[in-house]
Amino acid sequence: MSESNVKFTRNEALEFHSRGRPGKIEIIASKPMATQRDLSLAYSPGVAVPVEEIAADPGKAYELTAKGNLVAVISNGTAILGLGNLGALASKPVMEGKAVLFKRFADVDSIDLEVDTEDAQKFIDAVALLGPSFGGINLEDIAAPECFIIEQALKERMNIPVFHDDQHGTAIITAAGLINACHLTGRDFKDIKVVVNGAGAAAIACTELIKAMGVLHQHVIMCDRSGPLYPGRDNMDQFKSAHAVPTDARSLAEALVGADVFLGLSAAGALKPEMVKDMAPSPIIFAMANPDPEITPPEAKAARPDAIVATGRSDYPNQVNNVLGFPFIFRGALDVRAVRINEEMKIAAANALAELAREAVPEEVAAAYGGLSHHFGPDYIIPAPFDPRLIEIIPAAVAQAAMDTGVAQMPIRDMRIYRQQLKARLNPTASVLSLAYEGARSNPKRVLFAEGEEENVLRAAIAFKEGGYGTPVLVGRDNVHRLLADMGVDDPESYEVLNSRNSPLVGRAVDYLYTKHQRNGMLRRAAERMVNQDRNAFAAAMLALGEADAMITGTTRPFSQSLSQVRFIIDEPGSSVPFGVSIVAARSKTVLIADTSVTERPTAEQLATMAIRTAAFARRMGQEPRVAFVSYTTFGNPPGRHIEELRDAVKILDTLQTDFEYEGEMGPDVALNNEMQRRYYPFSRLTGDANILIMPGLQSANISSKLLKAIGGESLIGPFLMGMALPVQIAPMTATASDLVTLAVLAGGGADAIGQA
Ligand SMILES: NC(=O)C1=CN([C@@H]2O[C@H](COP(=O)(O)OP(=O)(O)OC[C@H]3O[C@@H](n4cnc5c(N)ncnc54)[C@H](OP(=O)(O)O)[C@@H]3O)[C@@H](O)[C@H]2O)C=CC1
Ligand SMILES: CC(=O)C(=O)O
Ligand SMILES: [Mg+2]
């Protein structure tokens with residue numbers, strides 16, 4: 001891997017893929033399978049009914065099976081990224097990766113299929129016969145020229161969209177980036193001189209699309225390993241010859257003299273700085289080979305500071321990568337049941353992407369990517385993959401183009417409603433975490449890991465540092481560097497360790513603590529002992545003294561104990577009482593629950609404050625907050641105790657100018673079901689299902705969130721603390737290293753990104 005701001009070792013990549021269930025994909029049932037009746041319906045005899053229906057009317061497969069939302073990612077491994085022909089089996093990690101990106105970005109269900117043949121005809125037959133299973137076919141990493149033959153044959157034989165991602169996905173994103181790079185440099189497609197390096201699947205498709213969009217055939221010189229393609233050259237197949245143009249250039253270097261644009265779809269390191277120097281003013285350089293580009297942005301910029309540079313990677317500005325395309329293009333195509341993905345749909349996607357980059361970036365995305373530019377300009381010519389607007393904009397543009405060109409079998413009636421439905425498909429939890437992680441990377445902070453001798457904590461600190469999320473400061477004894485070395489860290493000394501026995505900062509920590517508590521009966525000796533012996537105290541004092549930006553602890557003692565130790569050090573008179581928020585991400589909805597960790601029985605004022613802060617957080621996550629104060633009673637029925645605080649909290653909010661909906665008290669069944677509210681409680685002010693549940697007490701909040709995780713299998717994030725006097729997160733004692741990294745991210749730079757600080 002080349003030098004960039006996301007670092008990981010080979011071992012980490014292997015560990016990521018092997019931990020838990022090997023690989024990146026699993027299949028879960030979308031229907032209950034609990035009772036005999038469920039089985040009778042799902043399988044024999046009930047399953048016979050849909051079988052007969054589909055036999056009589058094949059279109060019913062879209063209503064009665066997963067077909068309509070299922071895309072196969074299919075490869076034979078002949079061009080795995082830029083790694084070459086490594087075979088079908090070796091391509092599986094990439095194909096699993098594409099399948100999960102389909103799900104993550106566009107809620108398309110996807111399965112990888114690796115077909116073990118380089119014989120185009122066998123491959124075609126194998127895939128064509130699988131047509132009934134899927135709503136679409138995404139061909140991936142199949143080398144040219146076979147990929148052209150395979151795609152064409154499958155398009156003819158299958159009645160579902162067949163899309164070779166490396167060709168058309170790449171072409172769409174490249175075209176979008178090029179539109180914007182030309183816009184910025186005052187160029188017109190019809191005038192630009194382009195050199196394309198690579199003459200394979202991606203290169204030929206990109207060239208064809210930009211020519212269809214106005215770039216002149218004679219202005220494009222395409223090169224393969226043997227240099228420029230020109231009429232009469234040896235060693236050209238029909239696909240290459242179609243792009244041969246008369247030229248005197250006999251090398252990539254010669255072709256690039258005076259060129260406006262370099263499109264690299266070839267191999268790592270193919271473009272040399274001296275070649276870039278000969279390009280036209282403000283050259284446009286898209287070095288898109290993966291995983292390592294034809295030239296790195298620092299090298300390109302060093303040679304030509306006036307260049308606009310893009311790569312296929314996420315760790316440099318301007319990621320021109322088909323991940324921005326295939327999930328959203330298939331989403332749109334599947335939603336209108338398009339019979340194919342045509343040129344108009346591709347051009348609509350390219351234009352929509354280009355336009356999106358020119359619009360103001362939403363606050364949450366800008367904050368998350370704070371270190372990278374997010375104003376339309378040379379370092380931001382294309383949206384970032386985590387931009388939550390993509391799911392709304394790109395599929396809608398694709399679906400509209402499909403309808404306009406008559407390939408949509410099931411047109412969308414109301415585009416406005418469709419766009420809302422698209423937005424709701426994104427898992428807000430995944431979004432908020434990606435934003436927090438991106439935010440930490442672009443705004444890395446110094447985070448104290450108070451329990452720096454624990455293996456789990458060290459693993460988390462290593463991942464935190466290697467991930468570029470900030471600088472871990474480990475609180476521990478002299479053995480910390482040795483422990484790091486034992487864990488295989490090459491440069492343990494590069495980790496900062498604070499030892500409360502010999503750190504020069506101890507004196508300041510003692511002064512701080514003694515000054516703070518001397519009038520509350522604390523002796524200097526007691527302050528010294530506390531700083532020396534209690535890591536939470538020492539770390540929290542370091543935080544209070546500004547030696548770090550944030551702190552994480554919690555794995556070695558009970559939550560309440562860690563919390564009171566930290567608060568003893570950092571709270572000031574009048575500091576608010578913090579509270580814990582847990583995010584429960586279910587398949588159909590995501591709900592925030594508070595207070596899951598601090599106050600056993602919050603007052604009405606505390607409940608109202610929790611509602612306000614959690615609502616602001618939800619909004620930052622992209623959700624319109626709807627708060628329900630939850631109880632075992634709904635509007636007084638049945639009558640009982642402990643509802644006064646909830647009612648008073650509602651009254652407090654009534655007196656404030658809040659900008660979110662709230663209501664209570666009500667049971668969770670009513671809170672999460674607006675239909676029921678409208679039917680039985682028409683006076684309720686919530687206009688949709690609640691997504692924030694403020695609970696009457698710690699016990700109900702904590703128990704219900706854990707129950708959901710343990711029995712319901714929902715994913716539970718947190719609890720994380722809001723409202724601490726300084727940025728501190730306290731992990732549960734059961735936290736894994738990866739939980740700790742998330743909490744460290746949420747304590748540090750990630751907190752700003754998601755408005756949780
Ligand atoms: N950023 C993105 O979204 C995407 C990037 N890519 C990248 O594009 C590259 C090509 O992929 P793909 O088209 O699928 O693969 P193919 O196997 O179909 O094509 C590879 C092409 O690259 C050419 N090539 C390889 N090395 C060099 C070199 N040093 N100089 C000039 N040409 C060279 C080959 O030349 P020859 O014909 O002479 O063998 C061939 O024409 C890969 O690095 C891949 O990662 C691909 C898809 C998407
Ligand atoms: C991104 C991609 O599909 C490739 O490099 O092959
Ligand atoms: Mg690919």
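Start by selecting G82: setting aside neighbours within four places in sequence, you'll find this residue in contact with A267, A268, A289 and N290. Keep in mind as you click around that this is a predicted model. G82 sits in the loop that runs between strand 1 (70–75) and helix 5 (92–106). Is G82 buried or exposed? It counts as buried, because 23 C-beta neighbours lie inside 10 Å.

Now hop along to G84, which is in the loop between strand 1 and helix 5 too. G84 is exposed, with 11 other C-beta atoms within 10 Å. For context, an unreviewed UniProt entry puts the feature "binding site" at I80, L81, G82, L83, G84, N85, L86 and G87.

Next, bring up ligand 1. How many residues surround it? There are 29, and the closest are G82, G200, D224, A289 and G312. Try colouring that shell by class: you'll get 15 nonpolar, eleven polar and three charged residues. Then colour by element. Helix 8 (165–185), helix 9 (201–212) and strand 6 (220–224) each supply at least two residues of the shell, and helix 9 gives the most, with three. Where does ligand 1 lie relative to the domains? Domain 1 (42–165) and domain 2 (168–424) both give residues to its shell, so ligand 1 lies between them.

Time for a second group: select E140, D141, D166 and N290, which the unreviewed UniProt entry also labels "binding site". These residues span 151 residues in sequence, yet no two of their C-alpha atoms are more than 13.7 Å apart, so they gather at one spot.

Zoom in on D141, in the loop between strand 3 (136–139) and helix 7 (146–157). With 27 C-beta neighbours inside 10 Å, D141 counts as buried. Beyond four places in sequence, its contacts include I80, L81 and D166.

Then click N290, in the loop between strand 9 and helix 13 (297–303). N290 is partly exposed, with 19 other C-beta atoms within 10 Å. Away from its sequence neighbours within four places, N290 is in contact with L81, G82 and G312, which brings you back to G82, your starting point.

Last stop: the sheet. Show strands 5 to 10 and you'll see an open sheet of six strands in the order 7-6-5-8-9-10, with mixed pairing. The edge strands, each pairing on one side only, are strand 7 (227–228) and strand 10 (308–311). Strand 9 (residues 284–287) runs parallel to strand 10, and four bridges join them. To finish, select I285 and look across to V309 in strand 10, which stands opposite.

Methods
Residues are numbered from 1 along each chain as its sequence is written. Chains are lettered from A and ligands numbered from 1 in the order in which they are written. This is a predicted model: local features need pLDDT of at least 70, side-chain atom pairs count only at pLDDT 80 or more; totals for chains, interfaces and linings use all residues. A residue is near a molecule or strand if its C-beta atom, placed from the backbone, lies within 6 Å of it. Ala, Val, Leu, Ile, Met, Phe, Trp, Tyr, Cys and Pro count as nonpolar, Asp, Glu, Lys and Arg as charged, and the others, Gly among them, as polar. Domain bounds come from an automatic or database domain assignment. UniProt positions are given in the numbering used here, feature names are shortened, and annotations may be inferred rather than shown by experiment. A residue is buried if 20 or more other C-beta atoms lie within 10 Å of its own, exposed if 12 or fewer, and partly exposed in between; C-beta atoms are placed from the backbone. Two residues are in contact if their C-beta atoms, placed from the backbone, lie within 7 Å. Two strands pair if DSSP finds at least two bridges between them.
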